[in-house]
Amino acid sequence: MSKKHILIAEDDLHIRNGLVALLHAEGYETSTAKDGEEAVKRACERQPDLILLDIMMPRKSGYDACAEIRRSHPRIPIIMLTAKGEEVDKVLGLGLGADDYITKPFGTRELLARLAAVLRRCAAPVPAESTAQEPFTIGVATIDPTRYEIRAGRKVEPLSDKELKLITFLHRHAGKVLSRDALLNAVWGIDYLGTTRTLDQHIAQLRKKLGASTSAIQTVHGVGYRLNEGILG
């Protein structure tokens, strides 16, 4: 079984070297980047199995690097590293397509657990009921699962792996109220270590990408979400 390759994008040399040593000891292969521009370049060259992406980096921020990587490689999982405690940083990072985040300083056990959980979820086959190969429409938007794209009028937006799984699962269960836990279990897996904020931000991003069909995903307060079956194509 080949080693999983982790790209570490971190401008602090001591943290970067520490992560390299830790991941090598756990059996991972690594490559590194010391700034955002180098992170994008390395991601395109190596197409790693996962990226650890620091937010505050020179030349290109982790936010910009995440967005750029997502446009060309929507299926590479990204865990953002932030030294800031403000919720806005975490929300923005997830809104750009990150799969999870971890706040510095972090323990090695927490980091390894989150990394393993994200890799496991991304490697696991999607349940048959949430898999779609043929394009489907929601209002004015068309979702193309094979291209990981959503088209709304003339606007074409890329979909991350989690966004595609989420909108497909909602479409399969259109009209039904789905709890946050049910959606997290279906899309992120039962061993997900994050919070429901991740789900909420992915929903917010999908609403933006649906264009004029933003009302398609309805919030059921205190429960979760429902896809309005009245506007399905």
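Among contacts in the protein between residues at least 6 apart in sequence, what share join residues at least 24 apart? The share is 59%, and the paragraphs below follow some of the pairings and contacts in this predicted model.

The protein has 233 residues, of which 51% are buried, and its secondary structure is made up of eight helices and 12 strands. The average pLDDT of the protein is 83, with 85% of the residues scoring at least 70. Among the elements, strand S1 has the highest mean pLDDT, 95, whereas helix H4, covering residues 87-95, has the lowest, 64. Where pLDDT is low, the predicted coordinates should not be read in detail.

A good place to begin is the sheet. Five strands form an open sheet in the order S2-S1-S3-S4-S5, and their pairing is parallel. Strands S2 and S5, the latter at residues 100-103, are the edges, since each of them pairs on one side only. From one strand to the next, the twist averages 20°.

Within this sheet, S1 pairs with S2 on one hand and with S3 on the other, as its place in the strand order shows. The pairing of S1 with S2, which spans residues 29-33, is parallel and runs over five bridges; one of the partnerships is that of Ile8 with Thr32 in S2. Four bridges join S1 to S3, residues 50-54, again in the parallel sense, and here Ile6 has Leu50 of S3 as its bridge partner. S3 in turn pairs in parallel with S4, residues 78-82, over four bridges, with Leu53 partnered by Met80 in S4.

Is strand S1 enclosed or open to its surroundings? Because five of the five residues of S1, residues 5-9, are buried, the strand is largely enclosed by the rest of the structure. In a regular strand the side chains alternate between the two faces of the sheet. In S1, His5, Leu7 and Ala9 point one way, while Ile6 and Ile8 point the other way, and all of these residues are buried.

The helices can now be placed against these strands. Helix H1, residues 13-25, joins with S1 and S2 in a right-handed β-α-β unit. H1 lies across S1, S2, S3 and S4, and runs at about 170° to S2. Helix H3, residues 62-72, also packs on the sheet, where it touches S3 and S4, and its direction makes about 175° with that of S4.

Further along the chain, helix H6 covers residues 161-172, and its length can be checked against its residue count: at 1.5 Å a residue, its 12 residues should span 16 Å, and the end C-alpha atoms are 16 Å apart, so the two values agree. H6 is mostly covered, with 10 of its 12 residues buried. The buried residues include hydrophobic-looking names such as Leu164, Leu166, Ile167, Phe169 and Leu170, and also Asp161, Lys162, Glu163 and Lys165.

One of these residues, Glu163, leads on to helix H8, residues 196-209, where Gln205 has its place. Leaving aside residues up to four places away in sequence, Gln205 touches Gly95 and Glu163. Is Gln205 buried or exposed? Its relative accessibility is 16%, and because buried means under 20%, Gln205 counts as buried.

Key: Residues are numbered from 1 along each chain as its sequence is written. This is a predicted model: local features need pLDDT of at least 70, side-chain atom pairs count only at pLDDT 80 or more; totals for chains, interfaces and linings use all residues. Side-chain values use heavy atoms; hydrogens and water are left out. Buried means under 20% relative accessible area, exposed over 50%, partly exposed in between (1.4 Å probe, protein chains only). Helices (H or I, at least four residues) and strands (E, at least two) are DSSP runs, numbered from the N terminus. Two strands pair if DSSP finds at least two bridges between them. A crossover is right-handed if, with the strands pointing away from the viewer, the path from the first strand over the helix to the second runs clockwise. Contact means heavy atoms within 4.5 Å. Axes are lines fitted to C-alpha atoms, for helices over the stretch in contact, and angles run from 0 to 180 degrees between N-to-C directions. The expected span of a helix is 1.5 Å times one less than its number of residues. pLDDT is the predictor's confidence in each residue, from 0 to 100.
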